[in-house]
Protein chains: 2
Amino acid sequence: MHAAIQLLQEKWTLHIVRALLDGPMGFNELGRAVGGCNPATLKLRLDHLEELALVTRTVHSYMPPRTSYALAPAGVDLQRVIMAIDGWGREHLPSARPHG
Amino acid sequence: MHAAIQLLQEKWTLHIVRALLDGPMGFNELGRAVGGCNPATLKLRLDHLEELALVTRTVHSYMPPRTSYALAPAGVDLQRVIMAIDGWGREHLPSARPHG
DNA sequence: AAAAGCGCTATAGTTTGTCAAGTGCCAACC
DNA sequence: GGTTGGCACTTGACAAACTATAGCGCTTTT
C-alpha cells in the first residue's frame with residue numbers, strides 16, 4: 001500500500017497509464033498525450049514502469065528510431081484506480097465545464 | 001480528472017487521507033501516522049485539503065494548543081480510491097511479507 | 001536540398017519537499 | 001517550584017524532484 005502510493009504519486013505516472021489505456025504509443029506521442037511531460041521525466045517514469053512490469057517497451061526499428069510503449073496486464077489493472085479517481089473528481093472537484 | 005490526479009500526486013496527500021480514515025487526529029500525531037512527514041509540508045497539504053473541503057480542522061483549545069483534523073465527506077469518499085490502490089498494490093507489487 | 005520528426009540524452013534552472021531549530025504556553029514530574 | 005516535554009505550528013537553509021531547451025544521427029516529407 002505504501003509502495004503503491006509511493007509509485008502513483010510520482011509526477012505523470014497516472015497520466016501516463018491513463019494515456020496508454022487508449023492504446024500503445026511512441027515516446028513523443030505519449031509525451032504529448034499526457035499533456036506535455038518533458039522527455040527526461042518521461043523516460044524516468046517509463047523506465048520505472050517497465051521495471052515494475054506495468055509497461056512494455058517494444059523497439060520496432062533502431063533507425064529511424066521507432067518505439068512503442070504499451071500497458072502490461074499489471075498496468076491495465078490500474079484502470080480500476082484511475083476510474084475511481086475519475087469518479088471521485090467528477091463528484092467532488094470543481095469542474096471547469098459544469099455541463100459542456 | 002486531470003485536477004484530481006494533480007491533487008493526489010502531491011506528496012503525502014494520499015497517506016494523509018488514509019491515516020485520517022482511522023479517525024480524527026492532531027497535527028503531530030498525524031505526522032507520525034503518515035510515516036514521518038515534515039511539519040512544513042504537512043501544514044501545506046492540510047491547508048490545501050481543507051480548502052478543497054476534504055478535511056476539517058477543529059481547534060479545541062488555543063492554549064495549550066489542541067487541534068484535530070478529520071475527514072469531511074468528500075475526503076471519506078476517497079476511500080474508494082485508496083482501496084483500489086491497496087488492492088492493486090497487493091496484487092501487483094512485490095510485498096515485503098508475502099504471507100505474514 | 002531543406003525542414004521536420006523519431007527516441008532519446010545532457011545540462012542548467014526552477015519548483016517542491018526536507019531537516020532542524022525555535023516559539024509560547026501548559027501539564028507532569030521530581 | 002523549577003525543569004522537562006509536549007502541543008501546533010513557523011522559519012530558513014538545504015536537497016531532491018521536475019522542467020525547459022538544445023542537440024544527436026538518421027529518415028521521411030516537401
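**Exercise 1. Burial of a helix**

Determine how many residues of helix α2 (residues 13-20) of chain A are buried, and which residues these are.

*Solution.* The coordinates come from a predicted model, and the criterion to apply to each residue is that 20 or more other C-beta atoms lie within 10 Å of its own. Applied along α2 of chain A, this criterion marks eight of its eight residues as buried, and the helix is therefore mostly covered. Listed by name, the buried residues are Thr13(A), Leu14(A), His15(A), Ile16(A), Val17(A), Arg18(A), Ala19(A) and Leu20(A). For the chain as a whole, 32% of the 100 residues of chain A count as buried.

**Exercise 2. From one residue to the core**

Find what Ile16(A) touches, not counting residues up to four places away in sequence, and then identify which residues have the most contacts inside the largest nonpolar core.

*Solution.* With those sequence neighbours set aside, Ile16(A) touches Leu30(A), Val34(A), Arg45(A) and Leu49(A). The next step is to turn to the largest nonpolar core, which has 50 residues. Ile16(A), Val81(A) and Ile85(A), together with Ile16(B), Val81(B) and Ile85(B), are the residues with the most contacts inside this core.

**Exercise 3. The fold and its hairpin**

Work out which pattern of helices and strands chain A follows along the sequence, and in which sense, parallel or antiparallel, β1 and β2 of chain B pair.

*Solution.* Counting the elements of chain A gives six helices and two strands, and reading them along the sequence gives the pattern α-α-α-α-β-β-α-α. In chain B, strand β1 (residues 55-61) pairs with β2(B) in the antiparallel sense over six bridges; within this pairing, Thr58(B) has Ser68(B) in β2(B) as its bridge partner. The two strands β1(B) and β2(B) form a hairpin, with four residues between them.

**Exercise 4. Relating the two protein chains**

Establish by what turn and shift chain B can be laid on chain A, and which elements of chain B give two or more residues to the side that touches chain A.

*Solution.* A turn of 180° with a shift of 0.0 Å along the axis lays chain B on chain A with an RMSD of 0.1 Å, which is the relation of a two-fold axis. In chain B, the C-alpha of Gln9(B) is the one nearest the axis, at 2.0 Å from it. Turning to the contacts, 22 residues of chain B are in contact with 22 residues of chain A. On the chain B side, α1 (2-8), α2 (13-20) and α6 (79-92) each give two or more residues, and the largest share, nine residues, comes from α6(B). By type, this side divides into 13 nonpolar, four polar and five charged residues. Since 100% of the interface residues of chain B are also interface residues in chain A, the copies meet through the same surface.

**Exercise 5. The surfaces near the DNA**

Identify which residues are closest to DNA strand C and which come nearest to DNA strand D, and name the elements that supply these surfaces.

*Solution.* DNA strand C is surrounded by 21 residues, of which Gly26(A), Asn28(A), Pro39(A), Pro65(A) and Thr41(B) are the closest. At least two residues each are supplied to this surface by α3 (27-33), α4 (39-51) and β2 (66-71) of chain A and by α4 (39-51) of chain B. Around DNA strand D there are 21 residues, and Lys11(A), Pro64(A), Gly26(B), Asn28(B) and Pro65(B) come nearest. Here the elements giving two or more residues are α4 of chain A together with α3 (27-33), α4 and β2 (66-71) of chain B. The surface near DNA strand C divides into eleven nonpolar, five polar and five charged residues, and the surface near DNA strand D likewise into eleven nonpolar, five polar and five charged.

Methods:
Residues numbered from 1 in each chain as written. Chains lettered and ligands numbered in written order. Predicted model: local features only at pLDDT ≥ 70, side-chain atom pairs only at ≥ 80, totals over all residues. Near = placed C-beta within 6 Å. Nonpolar A, V, L, I, M, F, W, Y, C, P; charged D, E, K, R; others polar. Least-squares fit on C-alpha atoms with pLDDT ≥ 70 in both. Contact = placed C-beta atoms within 7 Å. Core = buried A, V, L, I, M, F, W, Y, C linked by C-beta atoms within 7 Å. Buried ≥ 20, exposed ≤ 12 C-beta atoms within 10 Å, placed from the backbone. Pairing = 2+ DSSP bridges.
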